[in-house]
Amino acid sequence: MWSFFSRDAAKDFGYELLNQVEISQEFSIWKIHNGKKKVSGEPVTIFVFEAASVETQTLLEIAKSAVKRLKTLRHPSILTYVDSLETDKLVYLVVEPVEPLDVFLSKNTYTPDQKSLALSWGLHQVASGLAFLNKDCSLSHNNICRSSVFVDRAGEWRLFGLEYVAPSKEAFPVKVLPALRIYNPPEADTSRTEEHPPWAYDSWGLGCLIWEAFNVTLYKVSALKNTGKIPSNLSPSYCELVCANPKSRPSSITFLKKASKGSGYFKNKFVDTMLFLREIHIKENDEKLNFFNNLPSSLDTFPQDICLYKVLPELVNAFEYGNAGSSVLTPMFKLGKLLPEDEYQKRIVPCIVKMFSSKDRATRAKLLQQIEQFIDHIQPSVINNQIFPNVAQGFLDTNPTIRDQTIKCMLYLSPKLNYQNLNEEMLKHFARLQAKDEQGGIRTNTTVCLGKIASYLHPQTRKKVLISAFLRALRDPFPPARTAAILALSATEHYYSINDCATKVLPALCHFTVDPEKSIREQAFKAISGFLSKLEQVSEDPSLIEKMEEELQSTTPASIAASWTSWAVTSIADKLYKSSAKDQVQTANQTISPSASQTNVPNAAKSVEKSNPPVKDCLDSWNDDWGDAQEELTEIPPERMSPPKDEKDDWGSFETDTEYYVGKIREEHLENMELFQKEKAKKQLQSYFPGDPEEDPFSPFEKNSQKAEPTDWNTDNWDSWESPGKKSNAEKDSETLLSKQEASRLAREEKRKQRIKERSLNKPKKLGAQKIS
């Protein structure tokens with residue numbers, strides 16, 4: 001029973017003492033230990049005082065009074081109380097993780113400019129803490145020196161050494177440790193016969209702290225007369241603080257105001273940034289936007305630890321709770337790269353996942369533009385399950401910028417996507433964008449991106465998709481799209497069999513040796529030369545076929561750099577196409593939309609044929625399963641354009657024939673013109689999927705997105721991604737239109753014959769005979 005009451009309370013304490021921090025014991029009654037919480041392992045700092053003898057009982061009471069003061073004082077510039085334990089012989093004080101100012105200043109991790117910034121912010125915080133004690137609490141610290149200041153890992157200076165805190169009106173206390181008496185103000189050694197300002201003692205201590213921060217530990221009061229390394233713009237204020245007359249000493253508030261004006265010591269970008277972050281919750285949105293836009297350029301000059309553990313958390317909080325918007329992303333990602341991997345996963349990744357679900361277009365656009373800064377830190381499971389579904393919505397966005405940035409970000413996401421997201425979902429979007437997007441730059445970048453990510457695709461998917469996709473891009477009326485297709489074919493040549501190179505790729509490339517664009521002709525000749533060289537090597541050494549067949553199953557582009565296609569790989573890897581306003585106008589002119597159905601189609605068709613005859617010949621001269629039915633729809637049978645011959649050739653038949661011609665042209669002109677324009681548009685833009693341009697371009701994708709499976713592909717082409725094994729709506733509508741027109745023509749033909757027969761029975765055979773009679 002007695003053992004229960006005599007149990008050591010320190011053993012049941014919820015915190016564990018670790019290594020002791022080496023400090024000079026002549027300036028402090030405490031021993032400082034690093035520690036951790038036993039339950040969670042959370043790091044803390046533990047101040048320990050043990051009464052080893054009767055003589056130390058006075059110090060024990062001083063230690064307990066310091067703990068009592070710390071419990072009641074809450075301020076950003078004062079050490080944060082966590083827990084404590086007091087017995088008859090010891091005191092444990094648990095606070096936030098900190099280190100003594102002596103240890104902080106002895107580090108050489110800062111450049112001279114960074115150290116100057118860190119000191120300015122630290123002294124600013126100490127002065128703010130003293131202003132709080134003197135004015136708001138009517139207390140005097142009475143122990144301001146280098147040993148009473150501690151620094152957390154965010155570079156924030158915290159006040160402690162509260163053993164001698166007393167009301168401002170009381171006399172200066174007697175310090176037990178002799179080494180601390182050197183910081184006593186001159187008036188402390190004399191009997192107090194007159195009133196002094198309540199801040200006089202702490203202003204003197206602040207002056208001593210400034211001298212020690214820039215020089216060494218103070219051992220003689222006379223050393224205060226020499227400013228030493230104190231900056232010139234701080235020296236006037238320092239001299240006022242250590243004035244022998246206590247009435248001439250400024251308060252901490254006055255000191256802060258003077259040093260923050262004009263060219264004062266506290267007037268710098270770093271202090272202004274810290275103060276803004278401290279008050280960010282009361283700032284206006286315009287002020288926040290301007291602040292975050294200017295912040296990235298200043299971060300390189302700030303101390304790194306302060307940026308990571310002070311600035312970065314404030315940025316995260318501002319985004320999550322302060323409506324900071326997309327402007328906070330750039331500095332947040334810039335600082336996030338400096339974090340250790342485990343902290344990045346805890347602090348940054350959850351914010352990124354949350355931001356990708358945002359509906360704000362500006363936020364989504366900045367995320368996509370800066371994806372390379374954080375993609376390496378995100379696990380594949382997070383990308384596939386939480387990020388990619390939100391990113392994929394950008395393929396369907398009505399804003400061209402979002403669609404373009406979504407395509408570009410696939411270059412960074414592809415290595416971490418699973419089979420379904422990469423080989424099915426993403427390629428469905430690529431197929432639609434390459435065919436139906438009205439922006440030539442987006443169609444071009446789709447081709448470029450597909451060529452770059454080819455190594456990550458499944459071998460069977462590559463075999464079915466690449467050639468068909470790139471050959472379709474060759475038929476794009478936008479010149480950069482055709483150039484991208486040639487480069488992509490060359491850069492991925494090791495994924496094509498010998499038979500495909502000879503029978504599919506080379507015949508297609510040959511047509512573009514007469515392309516109107518000189519750059520396209522040059523790239524076509526290079527590609528043809530390379531593919532022919534490959535075929536010649538195989539012809540001379542058939543054993544190379546086995547090695548090439550192995551490369552068809554490869555998932556790494558290791559052999560590209562050493563092959564003849566290095567020029568194409570370099571070109572396609574340089575930059576994605578950047579659309580301009582001029583390009584968009586050009587694309588709009590080249591892309592025939594349903595709204596253009598009322599224009600003069602024959603004249604437009606003639607102008608297109610005259611301006612670009614080689615491309616037309618190229619596009620119509622080979623069969624590549626891209627929709628021959630569309631080409632057949634544009635061919636109008638000759639018998640529809642001329643009347644059938646009649647056996648009788650008299651005046652009455654001439655009149656009837658004249659009526660036929662007028663009626664025929666009048667009835668069929670609009671139908672022929674509309675049909676001809678639609679089919680001419682399809683023939684000119686055969687890179688598009690089979691589909692009616694008047695339909696919603698997303699409806700076929702939405703209908704088939706849930707049905708398309710890799711095992712259902714019956715054709716070996718790019719078209720199978722959108723409508724596998726079925727006729728498109730355009731083919732069905734075209735067949736229906738032709739059957740209706742043919743039936744109408746036959747009906748009109750029967751009516752014409754019936755009218756001729758009736759007139760031959762009711763009228764004279766010749767008009768001249770009637771006049772003579």
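## Note on burial, core packing and strand pairing

1. Thr56 has a relative accessibility of 18% and therefore counts as buried, the cut-off for that class being under 20%. The model is a predicted one, and the points below should be read with that in mind. Thr56 sits in the loop that runs between strand 3 (43-50) and helix 2 (57-72). With its neighbours within four places in sequence left aside, the contacts of Thr56 are Phe49 and Ala51.

2. Some overall figures for the protein follow. DSSP runs give 33 helices and ten strands. Of the 773 residues, 50% are buried. Among contacts with a separation of 6 or more, 70% are between residues 24 or more positions apart. The exposed area is about 38,500 Å², and carbon and sulfur atoms supply 53% of that area.

3. The largest nonpolar core contains 167 residues. Trp30, Ile210, Ile352, Met410, Leu413 and Tyr496 are the residues with the most contacts inside this core. Helix 4 (residues 112-136) contributes the largest share of the core, namely ten residues. A second core, separate from this one, has nine residues, with Phe13, Ile46, Tyr92 and Val94 among them.

4. What does Tyr496 touch, leaving aside its neighbours within four places in sequence? Its contacts are Leu466, Ile467, Phe470, Ala488, Leu489, Cys501, Val505, Phe531, Lys534 and Leu552. Tyr496 is also one of the residues listed as having the most contacts inside the largest core.

5. Strand 3 deserves a point of its own. Six of the eight residues of strand 3 are buried, so the strand is largely enclosed by the rest of the structure. Strand 2 (residues 31-37) runs antiparallel to strand 3 and is joined to it by six bridges. Within this pairing, Lys31 has Val48 of strand 3 as its bridge partner. The hairpin of strand 2 and strand 3 has five residues between the strands, and Gly41 there adopts a positive phi near 75 degrees.

6. Strand 3 also pairs with strand 5 (residues 90-95), again in the antiparallel sense and over six bridges. Val48 has Tyr92 as its bridge partner in strand 5. Val48 is thus a bridge partner of Lys31 and of Tyr92. Tyr92 is included in the second nonpolar core as well.

7. Leu368 is part of helix 15 (residues 361-369). Its relative accessibility is 8%, so Leu368 counts as buried. Beyond the neighbours within four places in sequence, Leu368 is in contact with Phe356, Val391, Ile402, Gln405, Thr406 and Cys409. The C-alpha atoms of Leu368 and Lys408 are 8.1 Å apart, although the two residues are 40 apart in sequence.

8. How many disulfides does the model have? The count is zero. Cys409, one of the contacts of Leu368, is in no disulfide. The nearest cysteine sulfur to Cys409 belongs to Cys449 and is 8.3 Å away, whereas a disulfide requires sulfur atoms within 2.5 Å. Cys409 is buried, at a relative accessible area of 1%. Cys351 is likewise buried, with a relative accessible area of 1%.

9. Aromatic pairs number 20 in the structure. Phe104 and Tyr110 form an edge-to-face pair, because their ring centres are 5.9 Å apart and their planes meet at 75 degrees; the class requires an angle over 60. Phe104 is buried, with a relative accessible area of 8%. Tyr110 is buried too, with a relative accessible area of 18%.

10. A further edge-to-face pair is made by Phe172 and Tyr201, with 5.1 Å from centre to centre and 80 degrees between the planes. Phe172 lies in the loop between strand 10 (166-167) and helix 5 (200-214), while Tyr201 lies in helix 5, so this pair ties together parts that are 29 residues apart in sequence. Both Phe172 and Tyr201 are buried.

11. One aromatic cluster is formed by Trp30, Phe47, Phe150 and Phe160. Trp30 has already appeared among the residues with the most contacts inside the largest core.

Note on methods: Residues numbered from 1 in each chain as written. Predicted model: local features only at pLDDT ≥ 70, side-chain atom pairs only at ≥ 80, totals over all residues. Heavy atoms only, no water. Core = buried A, V, L, I, M, F, W, Y, C linked by side-chain atoms within 4.5 Å. Buried < 20%, exposed > 50% of the residue type's maximum accessible area, 1.4 Å probe, protein only. Helix = DSSP H or I, 4+ residues; strand = E, 2+ residues; numbered from the N terminus. Contact = heavy atoms within 4.5 Å. Areas by Shrake-Rupley, 256 points an atom, 1.4 Å probe, with all protein chains shown as cover. Pairing = 2+ DSSP bridges. Phe/Tyr/Trp six-rings, centres within 6.5 Å; stacked < 30°, edge-to-face > 60°.
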